[in-house]
Amino acid sequence: MTQCLPLLPIYVVDFIGASLMVVFSLTAFYYSWRLTRLEPKSVLWSYFFWLCMAMVAFALSRSIGHILRFVFIFMGFPHIWNFFAPYSGGLNTMTFVSITTLTFYFPGVRKIIGRVKEDAKKLEEARIGLAQANKSLMDLNQTLEQRVEERTRALKISEQKFRRLFESSKDVIFFCNNEGRLLDMNDSGVELLGFKDKNEIIGKTMAEFFVNKADWENFCATLHSAGHIKDLEIEYGRQDGSILYLLVTSDLISDENGTVIGCEGIAKDLTRYKQVMANLIQSEKMASLGQMAAGVAHEINTPLGIILGYTQLLEEDFKDQKDVYETLETIEKQAKICKNIVSDLLNFSRDSIRQEKGPVDINHCLEEVMAVIEHSLNMDRIYVHRVYGENLPMVFADKERLRQVFVNILNNAHHAIQKEGLVGIWTRYNPAKKTVEILIGDTGPGIPPEILKKIFDPFFTTKEVGKGTGLGLSVSFGIVKDHGGNIDVESPPKEQGLINAGMETVFIVSLPAYIEGIDQEK
């Protein structure tokens with residue numbers, strides 16, 4: 001016993017350490033078990049649970065072995081301990097290997113945990129995305145009905161606007177299928193074509209209304225090749241057999257696959273324009289013929305009067321010479337016949353330029369002219385710039401003949417520009433001369449000085465053969481003079497304002513202002 005006393009502290013420490021090792025391992029096992037109960041699906045807590053279990057096994061195996069060793073030695077049974085020692089050492093080795101194995105497995109567990117965290121993060125992001133999508137879907141579901149109502153209301157308003165435009169338009173608006181049969185047409189078109197009800201015209205083919213079949217073939221060919229038609233002038237036949245002149249613009253209609261299912265279009269009525277232009281041309285011809293007849297009659301009348309006077313004098317001198325006297329009588333008779341013919345020519349010229357004068361609003365007269373010819377200018381991309389004077393006095397004139405003057409000047413401007421340009425119209429009052437001035441200019445090439453001197457001469461024209469008579473400006477000059485006015489031309493214009501407006505040629509028409517109570521015919 002005295003030999004063992006120095007080893008007692010070591011035995012005590014070994015005994016206490018083995019006991020504490022058991023206590024600590026069991027404590028760790030207990031807490032790991034609680035963690036697994038709290039989070040059964042946690043890989044990390046499961047790993048710690050199994051590691052602590054191996055440590056408990058190792059602690060029990062080693063500690064119990066050490067404690068039994070001391071018990072058997074102190075009790076005097078060392079041979080018993082010697083019997084169990086190999087088994088205790090083998091068990092310690094096995095539990096220690098288990099702990100080592102679990103320890104080496106920790107990096108793999110850490111990777112698994114990392115992957116699980118990444119997957120959890122992705123799942124969380126997906127959950128948040130799904131939550132947001134769910135919220136958006138719920139918001140959409142809550143406002144879907146309201147949105148549908150608003151969209152329906154907007155479509156209804158749009159449809160009403162289109163329907164009002166369709167029904168109230170004064171032009172012809174039509175829709176056809178791919179066979180050329182009318183599907184719909186507005187009331188103005190139905191009325192213009194001479195029908196009373198839309199049902200009478202629906203289902204008819206467009207070809208039925210074309211006067212010239214060649215126009216229909218050209219219409220179809222151009223529409224299918226180009227996909228659209230712009231400003232094609234066509235003769236249409238009304239139900240009563242009369243002729244309409246329409247300016248048609250049309251486009252093909254295709255479905256979502258690009259297959260042609262029909263066409264739509266709009267047509268403007270040019271019939272009145274054609275009639276007005278024909279009347280103006282006829283009026284110009286008659287006025288020109290009347291002026292020519294007046295000029296011829298005036299030139300013949302003077303020498304004819306002289307011939308007739310001398311013949312009558314000679315008759316007095318040769319009364320006794322029967323043959324000479326009879327010859328002179330024949331001359332006198334024929335001269336009187338010529339005199340009657342000249343008188344008839346003068347009467348014709350007066351009738352052809354007969355005037356019905358009255359107070360005329362120049363601005364309104366110009367607008368009536370522009371309503372007829374502005375469309376033909378716009379077709380050649382020629383636009384009209386208007387600057388009308390306010391509170392202009394009236395002029396005492398024949399309104400129809402003034403229109404003829406303005407049409408002639410504007411047609412000359414159109415011919416000068418040809419394509420793409422500007423026509424300017426200004427009206428103003430000249431208080432110094434008490435005249436109303438109408439200025440009509442154009443952006444054409446201008447008029448050379450040598451032509452400017454002849455511009456109002458009868459039968460003088462710069463147009464191609466067959467394109468003009470050379471009487472338009474001459475007739476206009478005569479009409480303005482008959483109204484006590486004056487017409488002049490400047491190329492280039494003298495006023496800086498006209499130059500700034502781009503005018504190259506300007507016709508200036510001056511007419512006496514109408515003063516009420518004074519006889520303007522004097």
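Q: What helices and strands does the protein chain have, and how many of each?
A: In this predicted model, the protein chain has 13 helices and twelve strands.

Q: Why is histidine 414 called buried?
A: Histidine 414, whose place is in helix H10, has a relative accessibility of 16%, and because buried means under 20%, histidine 414 counts as buried. Leaving aside neighbours within four places in sequence, histidine 414 is in contact with Ser376, Leu377, Asp380 and Ile382. Other buried residues of H10 include Leu402, Phe406, Leu410 and Ile417.

Q: How do you know what span to expect of helix H10, and what span does H10 reach?
A: The expected span is 1.5 Å times one less than the number of residues; for the 19 residues of H10, at positions 399–417, this expectation is 27 Å, and the helix reaches 27 Å from its first C-alpha to its last, which is close to that value.

Q: What makes aspartate 398 the cap of the N-terminal end of H10?
A: A side-chain oxygen of aspartate 398 lies 3.2 Å from the backbone nitrogen of glutamate 400, and a polar contact requires N or O atoms within 3.5 Å, so the pair satisfies the distance cut-off and aspartate 398 caps that end of the helix. After H10 comes glutamine 418, whose phi is positive, near 70°.

Q: Which way do the residues of strand E8 point, and are they buried or exposed?
A: Val395 and Ala397 point one way from E8, whereas Phe396 and Asp398 point the other way, and all are buried. In a regular strand the side chains alternate between the two faces of the sheet.

Q: What makes E6 and E8 a pair of strands?
A: Two strands pair if there are at least two bridges between them; strand E6 (residues 357–360) is joined to E8 by four bridges, and the two run antiparallel, so the requirement is met. Valine 360 stands opposite valine 395 in E8.

Q: Why are strands E7 and E11 called edges of their sheet?
A: The open sheet has five strands in the order E7-E9-E10-E12-E11, with mixed pairing. Strand E7 (382–387) and strand E11 (486–490) each have a single partner strand, so one side of each is left without a neighbour in the sheet. Neighbouring strands of this sheet are turned by 15° against each other on average, direction ignored.

Q: Which strands of the sheet does H10 touch?
A: H10 packs on the sheet and touches E7, E9, E10, E11 and E12, its direction making about 25° with that of E10. Helix H9 (residues 362–379) lies across E7, E9, E10 and E12, and runs at about 165° to E7.

Key: Residues are numbered from 1 along each chain as its sequence is written. This is a predicted model: local features need pLDDT of at least 70, side-chain atom pairs count only at pLDDT 80 or more; totals for chains, interfaces and linings use all residues. Side-chain values use heavy atoms; hydrogens and water are left out. Buried means under 20% relative accessible area, exposed over 50%, partly exposed in between (1.4 Å probe, protein chains only). A polar contact is a pair of N or O atoms within 3.5 Å; within protein, one must be able to donate a hydrogen and the other to accept it, and residues adjacent in sequence count only if both atoms are side-chain atoms. Contact means heavy atoms within 4.5 Å. Axes are lines fitted to C-alpha atoms, for helices over the stretch in contact, and angles run from 0 to 180 degrees between N-to-C directions.
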